[in-house]
Amino acid sequence: MENIQIARLLSETADLMEIAAEDSFRVRSYRNAASAVESCAERVEDVARNPERKLTEIPCVGKGLAEVIHEILERGSFDRRDKLLEKYPPTALELLKIQGLGPKSIALLFEHYRVSTIDDLERICQEQKLRLLPRMGAKLEEKVLRSIARYRQSAGRFLLSFADGAANELSLYLSAGGGLDKITPAGSLRRGRETVGDLDLLVTGPNAGAALERFVKFPRVQEVLGRGENKASARVGLENLQVDVRALPPESYGAAMQYFTGSKEHNIALRSRALRMGLTLNEYGLDRLEGGERVAGATEEEIYERLGLVWIPPELRENQGEIEAAAENRLPELVDERQIRGDVHMHTTETDGRASLEEMALAAKAKGYEYVAITDHSKALAMANGLDEARTIAFAKRVRAINANGLGIRVFSGIECDIRRDGSMDLADEALAELDVVIGSVHGYMNLEASEMTDRLLRALECPYLHILGHPTGRILLHREGCPFDFERVAQEAARRGVCLEINASPERLDLYSPLLRTAKAKGARFTISTDAHHPKHLANMRWGVLMARRGWLGPSDILNTQPAETFLGSLRRK
Ligand code: DGT
Ligand code: CA
Ligand code: CA
Ligand code: ZN
């Protein structure tokens, strides 16, 4: 039995235990063991069969769990799991993914209505029966119905950062097999979409065929879905990410990269352009319609060139005007991560961050930045120990002292000030006036009507000390839709008042995305890209924000934090 199969049994049991309201400490021990088993370098079964070894050598596996694993290896299940499955059907696990429903509610729904599938749940809500249960109401019914719709839309999609991590892991694994010249992720990952459905990996080289064989033997492969001459597909990891690997001859590599990078809409438009030029484009190459002679295929550049186009960066390939722009050689200059000179949204231990002001600043310096802004929360976020006016002013003083001592990086004092329900700022003007960088963000009351939310944001923009509107839509990927409001109007007003819109680079947010960015730019808006880091390692998330900016056709001149420190400060204050 492979590690991944053992891990899955443990993690599903943890979910069932949660529904059965078992001790949360115990639930966590099952979850920890599941991920330890999954990432264990050796086969757990081999350890178990070796009389000189003990399963308790594996991290997070104590005596009890060791017994459980032995039982799994013996008969494919274990007592506790069987008992739970007698009570709750396995389909109930999927219900945990519906936002607004905790394990307790799922248990209740099961007891009262035998709800064990998403379809059951939908019916119960539509029949207005959910509201009859204790502590549930008509509002929750609506919320659950919306969550179900969203779940069906996003089911099986993954965060860009997660897919990227999996692609790197697989690339390393495949290249260790040797004999490959290139391994390239294509598809939505290469285009930098915020979420990815499945992973498309292309390989070429003398051992490309053998790489497919190696791929299906990857230890974290859960299930092989298909294995052909040039392609293998499998589900990988506890998360069941589907991965398609394609082996290609070098003379077709460019054509395949072009084809499998997509998007489908871009490809369709490109193919009809080719046809108009008497050419046919497919994943093997660009050929003459008459006679079938190959005119390009080894590189993407030659394919685009032969179609009368400059090479189009993958982030733009959504058939949103990029082909027309490329034909007229007027593609925009896109911002590059190396042009970012500072990260201007991050948190420290002063509120809910995990590292000190000095540690964050030094980590930013190590990343090569000229400046950082430290922007902790304001007092409305009491759970995060947000700053009141006195602490804000004291903090600004500390930052001035740090700069006087010369850390080797310029530190701006800042705040991520909460925007209250009525659109007023959570801190008095006197405190805001002390700071270099004032971000205003909405964190609470996110369920307002669109018109009320629009008014709230418009009022926030009136604050003369506000520089940046933080994570403007509030979207959390795969979890929560952005707040509905009149984005165009808010962007226009932000532009008029010289307030920047933040491109939040946190991989769970990425809440300003291509169509919104293009709308905002057309209204004259300016932007910052920031990570909202709560730990030094989060500073590396800048790349996701840069990808969003590129997908929004933004160049360095649109992004304020590509400017040197003094210019940046001066532009922030342009009112
Ligand atoms: P995803 O996986 O849902 O995040 O999105 P993609 O764009 O990676 O889509 P996927 O994996 O289905 O296919 C990868 C690329 O292959 C896609 O972007 C374009 C190309 N492709 C797939 N199916 C078709 C098709 O029916 N027609 C055309 N022209 N291209 C296709
Ligand atoms: Ca894909
Ligand atoms: Ca695919
Ligand atoms: Zn923040």
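**Exercise 1. Identify the residue that bridges the calcium ion (ligand 3) and the calcium ion (ligand 2), and describe the donors of ligand 3.**

*Solution.* Step one: Asp198 is the bridge between the calcium ion (ligand 3) and the calcium ion (ligand 2), and these two ions lie 3.8 Å apart. This is a predicted model, in which local features need pLDDT of at least 70 and side-chain atom pairs count only at pLDDT 80 or more, while totals for chains, interfaces and linings use all residues. Residues are numbered from 1 along each chain as its sequence is written, chains are lettered from A and ligands numbered from 1 in the order in which they are written, and side-chain values use heavy atoms, with hydrogens and water left out.

Step two: the protein donors of ligand 3 are Asp198 (OD), listed twice, Asp200 (OD) and Asp244 (OD), at 2.2 to 2.7 Å from the ion. Donors are N, O and S atoms within 2.8 Å of the metal (3.2 Å for Na, K and Ca), and because water is not among the atoms, sites may look incomplete.

Step three: along the sequence, the donor residues of this ion follow the spacing D-x1-D-x43-D.

**Exercise 2. Decide whether Asp198 is buried or exposed, or in between, and do likewise for Asp200.**

*Solution.* Buried means under 20% relative accessible area, exposed over 50%, and partly exposed in between (1.4 Å probe, protein chains only). Asp198 has 25% relative accessibility and therefore counts as partly exposed, whereas Asp200, at 11%, counts as buried.

**Exercise 3. Describe the surroundings of ligand 1.**

*Solution.* Step one: ligand 1 is surrounded by 16 residues, of which the closest are Arg157, Ser188, Arg191, Gly197 and Asp198; a residue is near a molecule if one of its heavy atoms lies within 4 Å of it.

Step two: an oxygen atom of ligand 1 lies 2.9 Å from a polar side-chain atom of Arg157, and an oxygen atom of the ligand is 2.8 Å from an N or O atom in the side chain of Asp198. For Asp200, a polar side-chain atom lies 3.1 Å from an oxygen atom of ligand 1.

Step three: of the 590 Å² of accessible area that ligand 1 has on its own, the protein covers 72% (Shrake-Rupley method, 1.4 Å probe).

**Exercise 4. Place Ser424 and find its side-chain partner.**

*Solution.* Ser424 has a relative accessible area of 11% and so is buried. The side chain of Ser424 makes a polar contact with the side chain of Asp422 (2.6 Å); such a contact is a pair of N or O atoms within 3.5 Å, where, within protein, one must be able to donate a hydrogen and the other to accept it, and residues adjacent in sequence count only if both atoms are side-chain atoms.
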